[in-house]
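User: I would like to go through this structure by question and answer, keeping to what can be read from the atoms.

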Amino acid sequence: MAPMYDRSFHGLLWLAAALASLTHGFTKVSADDSSQVGQRPNIIFIFSDDHALQAIGAYGSQVNQTPRIDQLARQGMIFDQSFCCNSLCGPSRASVLTGKHSHVNGFMRNGNRFDGSQPTFIKRLQKTGYQTAVIGKWHLVSQPEGFDFYRILPGQGSYYNPDFIEMDGSRKRYEGYCTDLIADFSIDWLEQRDRDRPFVLMCQHKAPHRNWAPHPRHFGRYKLGTIPEPATLFDDYSGRTKLLHESEMSIANHFHWGHDMKFHGENRFPEHFRGAIKNGEYGRMTDQQKADWDAYYEPENQAFMKQLQAGQLTTEQVTQWKYQRYMHDYLGCVQAVDENVGRIIDYVDNSELADNTVVIYCSDQGFYLGEHGWYDKRWMFEESLRMPFLIRWPNVVPAGQRSQAMIQNIDYAPTFLEMAGVELPEDIQGESFLSILKSDGGVPEDWRQAIYYAYYENAAVHQVPQHDGVRTDRYKAMYFPRTREWNLFDLETDPQEMKSVHDQPQYKEVLEDMKQRYNQLRDKYEVNSATIPATRGDEAWWAKRDREKRQQAQQGGHDLVFIGDSITQGWEGAGRDIWQQHFGDVKALNLGFSGDRTEHVIWRLSQNQMGPNRPQVAVIMIGTNNAGHSQQDPAQTAAGVQEIVRLLRQKSPKTKILLQSIFPRGADPQDPLRQINSGVNEKISSLDDGQHVFFQDVSEAFLEPDGTISKEVMPDLLHLSAEGYRRWAETLLPKLQKWNVLRGQ
Ligand code: SGN
Ligand code: CA
């Protein structure tokens, strides 16, 4: 039985109120902890990039040793069940700062721009008297807010002689190795800080991110041919979603000759290597660094090429060599991180900070070290879903603890706030695990039993499809919206996640239970897919149509725009002649995309698919696929439609929006999907403001007097025939004529 602990914040608030509150408006932490009274803890948050648990000694690494990182576990606590909520750099960092899932903090994909005006734990701590600094990788595009000091890498940054962005906006190149420099700057900052106030230092390494350029002192530390291979290096991706075949992150097929594998010159073996990207690090090196580099890499490269040339290597052996090279480089980068964690620990231990400083080591997500044949992250499989989390807090966390509590990166912000005795904002989504730290890692009875994960960066580098899911201590369910399929893994019988059991009768109840948890968590975190922008750019036809429509839109001057799904797209099919007849003379643009739901239209509008156009009228008809694909709750779909209207209004305030009711579907009024559509219509009718947005209920046009639908109008009881389009046009014409869109008619 898990012991129960009181982690209610109310108790704390009551206590805080009883104590005198401090001048800056923050409240003191409970008095049960003498170490903290009057002395709020300092926090050193060491955060690396892409450091897999499989490459940390304390997590049982089979491939390397990390004595200094492990020291934190020895002297403090390690979390075995620590997860990210979106396995990607920028999103993870945004979740750490805000304590919120990606769809709420708005940073869903790399390349998004972090809205720095939103609340973050760092701003809050700064306000309550903490000194704050971030040094190293930032990757959130916008300028850091809430930091007294920052020195950050531009974008991904470089390993060798990296540039940093200084607080005055200038860029400065520092000679040296990035991981060492970030620790140097961190220690410098600690040295010159105001010693009378507590601080938070975010020390954020670039390493061990791609393209894995180790320091010369680590060359050859892990010898090629000696690094153990994972059991799933040659995964054939059977028994799970077929989307697994699409991702481009395999050791066998997607390593670049120069960038990843560190060969010079032209790609000599294009059948084995991708050729496009060179090793940019080499170009940044000093002559000495280049000489050291070549002295290590060249003999190995030449030997490998000779063997390959002589036909002595099978394709499998080439993959094995690539794995060794990859791991040599990756683990070398990790080694420098480990040493520099050690430097920070030593600094703390040799200063007055030793007693009251929390030191944390974690990384923005996990990573594949050859498991499933991969490098990179993104998928909800264990290796990239898990996040290392080790914490040392003298006098509070006893040495050598291991916690099985499920924590996530959204929990860090509330935990740090609570550590500092600061009240939690109501809308924060993560939960403070302070009570777990204070109770030997025990899991409170009311602690979460499942985590929610969502990945959004599809149609981008590495081609991993959008998916989300839920994980409990034993099971994991993943949902793939594109194929609308579930995968289910039993982590006890299949820890390597090699076979989905979603269709096995003995797992029927488990799957049902997982779906229920999934829905509960999505409700809790207010995940409404209908409002979350989603691209279908990973479907070739959709991407092509999107390109064509953008080109067309770029010409500008369109007076009439239709926005919707297949029914709107059908003006180019069954509706072609009717379109010609009525809209042939008008400069009109058809932005109907078959199969689209509200979220896809939101994506298209937010990515400016309409180009420079500010049409007189936009006809919107969208939502029937939200019903058809997942029987989505009408309120959710209506919120999607509302967002579309909002985006359109924002972009083109003078456009009149002719919002069509979602067309009726199915044989008769009892059809469940028709009823869902009616539910949406009822809600979106209220968007009519009589000025810019005009709701038009068009159902009557398609229904027989008894409410059935004739196959002459909708042959499949969903899409329109030519007759259907004629009727639709007829309902539109009066308004369009009135608004003078149909000049000359
Ligand atoms: C770069 C890398 C990718 C990596 C992303 C995201 N390519 O695009 O391999 O997945 O960053 O990484 S590289 O050619 O630049 O090395 S993240 O950690 O920043 O999310
Ligand atoms: Ca990362």
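**Cysteines, a helix, a ligand and some backbone exceptions**

Analyst: This is a predicted model, and the structure holds zero disulfides.

User: Which cysteine sulfur is nearest to that of Cys203?

Analyst: Cys203 is in no disulfide. The residue is buried, with a relative accessible area of 0%. Its nearest cysteine sulfur is 10 Å away and belongs to Cys178.

User: Why does Cys333 form no bond with the closest cysteine sulfur?

Analyst: A disulfide is a covalent bond between the sulfur atoms of two cysteines. In terms of distance, the pair must lie within 2.5 Å. Cys333 is buried at 0% relative accessible area. Its closest cysteine sulfur, in Cys178, is too far for a bond, at 10 Å.

User: Is helix 3 largely enclosed or not, and how many of its residues are buried?

Analyst: Helix 3 covers residues 89–98. The buried residues include Cys89, Arg93 and Thr98. Because the buried count is so high, the helix is largely enclosed by the rest of the structure: 10 of the 10 residues.

User: Which elements do the buried residues of helix 3 pack against?

Analyst: Among the buried residues are Gly90, Pro91 and Leu97. The packing partners of the buried residues include two strands, strand 1 (42–48) and strand 8 (199–204). The helices they pack against are helix 4 (102–105), helix 5 (121–127) and helix 11 (412–419).

User: What phi does Gly99 take?

Analyst: Gly99 comes just after helix 3. Its phi is positive, at about 70 degrees.

User: Which residues come nearest to ligand 1?

Analyst: There are 17 residues around ligand 1. They divide into two nonpolar, seven polar and eight charged. Those that come nearest are Arg210, Asp376, Lys377, Arg378 and His462.

User: What share of the area of ligand 1 does the protein bury?

Analyst: Polar side-chain atoms lie 2.9 Å from an oxygen atom of ligand 1 in the case of Asn110 and 3.0 Å in the case of His209. For Lys137, the corresponding distance to a ligand oxygen is 3.2 Å. Taken alone, ligand 1 exposes 460 Å², and the share of that buried by the protein is 85%.

User: Which side chain has a polar contact with that of Ser247?

Analyst: Ser247 lies in the loop between strand 8 and helix 7 (280–284), and is buried with a relative accessible area of 5%. Beyond four places in sequence, Ser247 touches residues including His254, Trp374, His462, Gln463 and Val464. The polar contact, of 3.4 Å, is with the side chain of Trp379.

User: Which peptide bond has an omega of about -5 degrees, and which of about 10 degrees?

Analyst: Most residues other than glycine have a negative phi, and most peptide bonds are trans. Pro208 is in the loop between strand 8 and helix 7, and Asn211 is found in that loop too. The cis bond at about -5 degrees joins Ala207 and Pro208. The cis bond at about 10 degrees joins Arg210 and Asn211.

User: Is Asp440 buried, partly exposed or exposed?

Analyst: Asp440 is in the loop between helix 12 (434–437) and strand 13. Although not a glycine, Asp440 has a positive phi of about 55 degrees. At a relative accessibility of 43%, Asp440 counts as partly exposed.

User: What relative accessibility does Ala459 have?

Analyst: Ala459 sits in the loop between strand 13 and strand 14. Its phi is positive, about 55 degrees, although Ala459 is not a glycine. Ala459 counts as partly exposed, with a relative accessibility of 28%.

User: How far apart in space are Gln466 and Arg171?

Analyst: Gln466 is found in the loop between strand 13 (451–455) and strand 14 (467–471). Outside its neighbours within four places in sequence, its contacts include Tyr455, Tyr479, Phe480 and Ala534. Gln466 and Arg171 are 295 residues apart in sequence, and from C-alpha to C-alpha they are apart by 35 Å.

User: Which residues does Gln289 touch, leaving out those up to four places away in sequence?

Analyst: Gln289 is found in helix 8 (residues 287–309). Its relative accessible area of 14% makes Gln289 buried. The residues touched are Tyr160, Asn161 and Arg284.

Notes: Residues numbered from 1 in each chain as written. Chains lettered and ligands numbered in written order. Predicted model: local features only at pLDDT ≥ 70, side-chain atom pairs only at ≥ 80, totals over all residues. Heavy atoms only, no water. Buried < 20%, exposed > 50% of the residue type's maximum accessible area, 1.4 Å probe, protein only. Helix = DSSP H or I, 4+ residues; strand = E, 2+ residues; numbered from the N terminus. Contact = heavy atoms within 4.5 Å. Near = heavy atom within 4 Å. Polar contact = N/O pair within 3.5 Å; in protein donor to acceptor, adjacent residues only side chain to side chain. Areas by Shrake-Rupley, 256 points an atom, 1.4 Å probe, with all protein chains shown as cover. Nonpolar A, V, L, I, M, F, W, Y, C, P; charged D, E, K, R; others polar.
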